[in-house]
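Q: I would like a close look at a single part of this chain, set within the arrangement of the whole. Please treat the matter as one connected account.

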Amino acid sequence: MERQIINKKKRVFSLEPNKNPSAVFTRKYTSHLVPALKKLNMNKNSSKQTVKHEVDMALALSAQEFPWSRFLLQKLSSSSNPTTTTSSSSDGIRILERPDKEGGNEEGGIEERLRELKKLLPGGEEMNVEEMLSEIGNYIKCLELQTIALKSIVQDST
């Protein structure tokens with residue numbers, strides 16, 4: 001038998017790059033966001049609302065496998081003017097700062113907090129509690145990854 005000589009190159013990347021969901025999300029996110037930001041940079045009339053719209057759109061496009069992402073994408077696509085996009089971050093702050101009621105009805109408090117969570121999660125109001133609780137974890141993880149990617153972009157540009 002003849003020996004075949006195979007020219008092997010050293011791999012510097014993973015054999016299975018799709019095994020790391022965080023890396024996949026970050027790669028997708030930056031591939032959507034960076035071209036959109038470059039395009040906005042060319043247009044000197046861009047506002048903070050327009051940038052926020054593109055950041056949210058990149059988030060929605062990067063995580064299309066999640067129901068909350070499809071709801072967010074639908075919301076962003078239906079708003080023809082990016083300045084109409086609203087943020088629910090102030091609602092999140094209000095939830096965190098609310099003092100606990102002493103001696104109150106604990107079950108009523110849980111139901112109220114679930115209603116607030118449903119408002120924060122894109123499409124949450126149309127999900128049952130199980131779906132919403134499952135999706136909120138994915139949503140938070142994607143928001144954390146988005147924050148890391150945005151910090152990286154800012155550090156690279158300064």
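Which residues does K118 touch, not counting residues up to four places away in sequence?

A: The model is a predicted one. In it, K118 touches G124, E125, M127, N128, V129 and M132, once residues up to four places away in sequence are set aside. K118 itself is found in helix α5. A further relation in space concerns I136: K118 and I136 are 18 residues apart in sequence, and their C-alpha atoms are 8.9 Å apart.

The helix that holds K118 also carries a salt bridge. E116 forms a salt bridge with K119, with the closest N and O atoms 3.8 Å apart. The pairing can be followed along the helix: because E116 and K119 are three residues apart in helix α5 (residues 106-120), about one helical turn separates them. The two partners can also be described by their accessibility. E116 counts as buried, at 9% relative accessibility, whereas K119 is partly exposed, with a relative accessible area of 47%.

The salt bridges in the model come to two. The other one joins K52 and D56, where the closest N and O atoms are 2.4 Å apart. Here the residues are four apart in helix α2 (residues 48-62), so K52 and D56 are likewise separated by about one helical turn. K52 counts as partly exposed at 26% relative accessibility, and D56 counts as buried at 13%.

To place these helices, it helps to turn to the chain as a whole. Its secondary structure comes to six helices and zero strands, and from the N terminus on the elements run α-α-α-α-α-α. Buried residues make up 25% of the 158 residues in the chain. The accessible surface comes to about 12100 Å², and carbon and sulfur atoms account for 54% of that surface. Among contacts between residues at least 6 apart in sequence, 52% join residues at least 24 apart.

Helix α2, which holds the K52 and D56 pair, can be examined further. Its 15 residues should span 21 Å at 1.5 Å a residue, and its end C-alpha atoms are 21 Å apart, which agrees. The buried residues of α2 are T50, H53, V55, D56, M57, A58, L59, A60 and S62. These buried residues pack against α1, α3 and α6.

Helix α3 (residues 67-78) can be treated in the same manner. For its twelve residues, the expected span at 1.5 Å a residue is 16 Å, and the end C-alpha atoms lie 17 Å apart, in agreement with that value. Within α3, W68, S69, L72 and L76 are buried. Seen down the axis of α3, the buried residues fall within an arc of 100°, so they line one face of the helix. Q74, S77 and S78 are exposed on the other side of α3. The buried residues of α3 pack against α2 and α6 (129-157).

The packing of these helices leads to the nonpolar core. In soluble globular proteins, nonpolar side chains tend to be buried together. The largest nonpolar core here has 21 residues, of which F25, Y29, L59, W68, L121 and C142 touch the most other members. The elements giving two or more residues to this core are α1 (21-42), α2, α3 and α6. Helix α6 gives the most, with six residues.

One of those core residues, F25, shows how distant parts of the sequence come into contact. Leaving aside its neighbours within four places in sequence, F25 is in contact with L59, S62, A63, C142, L145 and Q146. L59 and C142 are also named with F25 among the core residues that touch the most other members. V24 lies in helix α1 and is buried, with a relative accessible area of 16%. The C-alpha atoms of V24 and S62 are separated by 8.8 Å, although the two residues are 38 apart along the chain. S62 is thus a point of reference for both residues: it is in contact with F25, and its C-alpha atom lies 8.8 Å from that of V24.

Key:
Residues numbered from 1 in each chain as written. Predicted model: local features only at pLDDT ≥ 70, side-chain atom pairs only at ≥ 80, totals over all residues. Heavy atoms only, no water. Salt bridge = Lys/Arg side-chain N within 4 Å of Asp/Glu carboxyl O. Buried < 20%, exposed > 50% of the residue type's maximum accessible area, 1.4 Å probe, protein only. Expected span 1.5 Å × (residues − 1). Arc of directions from axis to C-beta. Contact = heavy atoms within 4.5 Å. Areas by Shrake-Rupley, 256 points an atom, 1.4 Å probe, with all protein chains shown as cover. Core = buried A, V, L, I, M, F, W, Y, C linked by side-chain atoms within 4.5 Å.
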